[in-house]
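Dear colleague,

Please find below the structure that I am handing over to you. I would be grateful if you could look through it alongside the notes that come after it.

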Amino acid sequence: MEIWFSQMDTENVKTSVRVDKQLFSKQSEYQRIDVFESREFGRMIVLDGEIIFSEADEFIYNEMVVHVPMAVHPQVKNVLIIGGGDGGVAKVLTQYPEIESIDVVEPDEMFIEVSREFFPETAKGFDDDRVKITNMDGLRRQRGAQRIAHQEDHGEATGSRHRVR
């Protein structure tokens, strides 16, 4: 028996991949997470029915999203990744010794756990000491940071920053 995973890309385009087996399937607080094994792409992660990446292609997005800005930005020291629960962008950023801190803000703890379990080569970006993970919504984190900066600018008391590792 053949098993195929299919996603509708547009009304007229459907992408289908033959899968050998489904390795994981669960609904997190935020999204449906599935992991499939395929001959063509290796393992692939699917969120809410959309292929996010596979072992065969994850480097394409991660390297592009890191190397292009790093090539034009002088003296990067601190990086904020909103999302990034697979660890791939963090992994590429750790190749730059001049970066002092990498903050990953990812609300879905389950996505991080699944990435660590099924995509350890990608998720190894989390293992660098410069990487700190905060499990919360990125927009809420940014609004909180703006509020703290405003309080500091006006001499008001500030709250502490909570990080989950």
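The notes below concern the strands and how they pair.

Please bear in mind that this is a predicted model.

Strand β4, residues 32-38, is a convenient starting point. Five of its seven residues are buried, so the strand is mostly covered, where buried means under 20% relative accessible area. Strand β4 pairs with β3 (residues 21-27) in the antiparallel sense, over six bridges. Within this pairing, Q22 is found opposite F36 of β4. The connection from β3 to β4 is a hairpin of four residues.

Strand β4 also runs antiparallel to β5 (residues 42-47), and six bridges join these two strands. Here I33 stands opposite L47 in β5. The hairpin that leads from β4 to β5 has three residues.

In general, the strands of a sheet pair through backbone hydrogen bonds, in either a parallel or an antiparallel sense.

A parallel arrangement appears elsewhere: three strands form an open sheet in the order β7-β8-β9. Strands β7 (78-82) and β9 (131-134) stand at its edges; because each has a single partner strand, one side of each is left without a neighbour in the sheet. From one strand to the next, the twist averages 20°. Strand β8, residues 101-105, is joined to β9 by four bridges in the parallel sense. In that pair, D103 lies opposite K132 of β9.

With kind regards

Notes:
Residues are numbered from 1 along each chain as its sequence is written. This is a predicted model: local features need pLDDT of at least 70, side-chain atom pairs count only at pLDDT 80 or more; totals for chains, interfaces and linings use all residues. Side-chain values use heavy atoms; hydrogens and water are left out. Buried means under 20% relative accessible area, exposed over 50%, partly exposed in between (1.4 Å probe, protein chains only). Two strands pair if DSSP finds at least two bridges between them. Axes are lines fitted to C-alpha atoms, for helices over the stretch in contact, and angles run from 0 to 180 degrees between N-to-C directions.
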